[in-house]
Amino acid sequence: MQILFVASECAPFVKTGGLADVIGAVPKALAPLGADVRVLLPAYPALSAQLGAGETVLDLGELMGGPARVVAARAQGIDLLLLDAPHLFERAGNIYLGPDGRDWPDNWARFAALSKVGAMIAQGALDGWAPDVVNAHDWQAGLVPAYLAAAGSRVPTVVTIHNIAFQGVFGADILGPIGLPPDWHQIDRGEYYGGFSYLKAGLMSCDRITTVSPTYARELMRPEYGMGLDGVMRARRADLSGIVNGIDLDAWNPETDPALPAPYDARSLRRKGANRDALMARFGLEPGAGPLFCVISRLTEQKGLDLLVEAIPALLARDARLALLGGGERWMEEAFASAAARHPGRIGAVIGYDETLSHLIQGGADAILIPSRFEPCGLTQLYGLRYGTVPVVARTGGLADTVIDANPAALDAGVATGVQFTPVDALGLQDAIDRTCELFDRPRDWAAIQRRGMKQPVGWHASAEAYLSLFQSLI
Ligand code: ADP
Ligand code: GLC
């Protein structure tokens, strides 16, 4: 089976969040099942080095105001199709945002171009390779099914929602420039409160919709989570399913992780202590009786870390420590930087993005805090499970599906893997921090939770099969 993925990020080349991890891992998980996956990505500067090593497989002439071509290259075990369009993608800095921190003003053109080329490849534009199915990820690829439907193509399409908060909404005046007929500005197509949404256009024109956990699939049909698209999700409920994300077990393996001074596994869990020491030193933390909590996250409203700002006194009252790595909203960055300045030795904050440090943190921390208001899947709790770093999570989306709360019944039954809390507010989080500290004070229970987490099947195996059978059902 030949499958085309269209996406805007792919680890390890270009990443702003979990989407990249997923796009970098699924093709490798599908290959042993007999699938030939190619990933169409924009040739951002981080990918330009691959261009030289690749071969031009499609000359596009002029595309959205400049010359463009598609280059095929294989790197890190992934077959890439790179949309080389320097006028759209060869820019320094963030792939979505300009130097002023706002969306690039031509994002409508950049990701329409990506989707248009995805649709062309689906329709057989490449010599010798055409997909049986196209899987378009998030709004940046949302127009792939729209272009295909507008062209009367029958190639089956799947849209995967990684986060419905990002919908790709632009003014209706772009329809002409992106080459969709005016009747796409209709309520049963891409029209969205007067504007035009790339995600909605995709959701209304694809064959099937997936999202990244079963709970989020249900949540999406409710107004509190659907962000204006819950009606669309309800209308398409028969075609909607949730397939939980996995993680790349090679990239995230505490036994072989080069970022860890002391690699370990479930049997040599004691060695995690040496990583803890290294992490404390890196964040300038002093020993305390309570657990060492960590956060590795975008600092946004979604992630609920404003609740943690409020819960800091509760954490300190327990003689716990906090090591935070994150970046995002300026006020939250400042709040954590100033908490670290006020409580040296007890709170450490690194503001920014650091992949290697994120591995050391998973290897060294006792518990990872994830108080998200919504979380389609979440990956850091899965990394936490694999690293014996107990996840303390809000009961929502994929967090609810992947962590089993350590309540007395679950402890007795020997199934607990972490701590879940609801309601998702500052008191709920404080209560979860308290419960975690109490568990931490019972070393045998704590170690049992850690070891059980480390044995959870968090790889891609089961979910890759679920994707494959979905694709097969469409052919
Ligand atoms: P989201 O995609 O919503 O940000 P996920 O949990 O799915 O959330 O994925 C986040 C990914 O980004 C994880 O791989 C996590 O380790 C990584 N990450 C988030 N913030 C940082 C950071 N500041 N430095 C390094 N890695 C980070
Ligand atoms: C999004 C979601 C996150 C999910 C990731 C990968 O960024 O916010 O929950 O894990 O996509 O699917």
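**Group meeting: cysteines, cores and the ligand site**

Let me start with a cysteine. C377 is buried, with a relative accessible area of 2%. Keep in mind that this is a predicted model.

So what about disulfides? How many does a search of the whole structure find? Zero. C377 is in none; its nearest cysteine sulfur belongs to C294, 17 Å away. The cut-off for a disulfide is a pair of cysteine sulfurs within 2.5 Å.

Now C206. Why is there no bond from this one to C377? Because the two sulfurs are 20 Å apart, which is too far, and C377 holds the closest cysteine sulfur to that of C206. Is C206 buried or exposed? Buried, at 5% relative accessibility. The threshold for buried is under 20%.

Next, the cores. The largest nonpolar core has 99 residues. Which of them touch the most other members? L30, L83, L143, I178 and F196. By element, helix α4, residues 107-122, gives this core its largest share, nine residues.

Take L30 as one example. Leaving out residues up to four places away in sequence, L30 touches I3, F5, A35 and V37. On the list too are A464, L468 and F471.

There is another core, apart from the largest one. This other core has 67 residues. Among them are L305, F336, Y387 and A416.

On to ligand 1. How many residues surround it? The count is 19. The closest are K15, G18, R298, K303 and G352.

Three of those closest residues deserve a look at the atoms. At G18, a polar backbone atom sits 2.6 Å from an oxygen of ligand 1. At K303, the side chain takes over: an N or O atom there is 2.8 Å from a ligand oxygen. At G352, we are back to the backbone, with a polar atom 2.8 Å from a nitrogen of ligand 1.

How much of ligand 1 does the protein bury? Taken alone, the ligand exposes 560 Å², and the protein buries 93% of that.

Where does the shell come from? Four elements each supply at least two residues. Two are helices: α1, residues 18-30, and α15, residues 380-386. Two are strands: β13, residues 292-299, and β14, residues 321-328. Which element gives the largest share? Strand β13, with three residues.

To recap. No disulfides turn up, and C206 and C377 are both buried. The largest nonpolar core has 99 residues, and 19 residues surround ligand 1.

Terms used. Residues numbered from 1 in each chain as written. Chains lettered and ligands numbered in written order. Predicted model: local features only at pLDDT ≥ 70, side-chain atom pairs only at ≥ 80, totals over all residues. Heavy atoms only, no water. Buried < 20%, exposed > 50% of the residue type's maximum accessible area, 1.4 Å probe, protein only. Core = buried A, V, L, I, M, F, W, Y, C linked by side-chain atoms within 4.5 Å. Contact = heavy atoms within 4.5 Å. Near = heavy atom within 4 Å. Polar contact = N/O pair within 3.5 Å; in protein donor to acceptor, adjacent residues only side chain to side chain. Areas by Shrake-Rupley, 256 points an atom, 1.4 Å probe, with all protein chains shown as cover.
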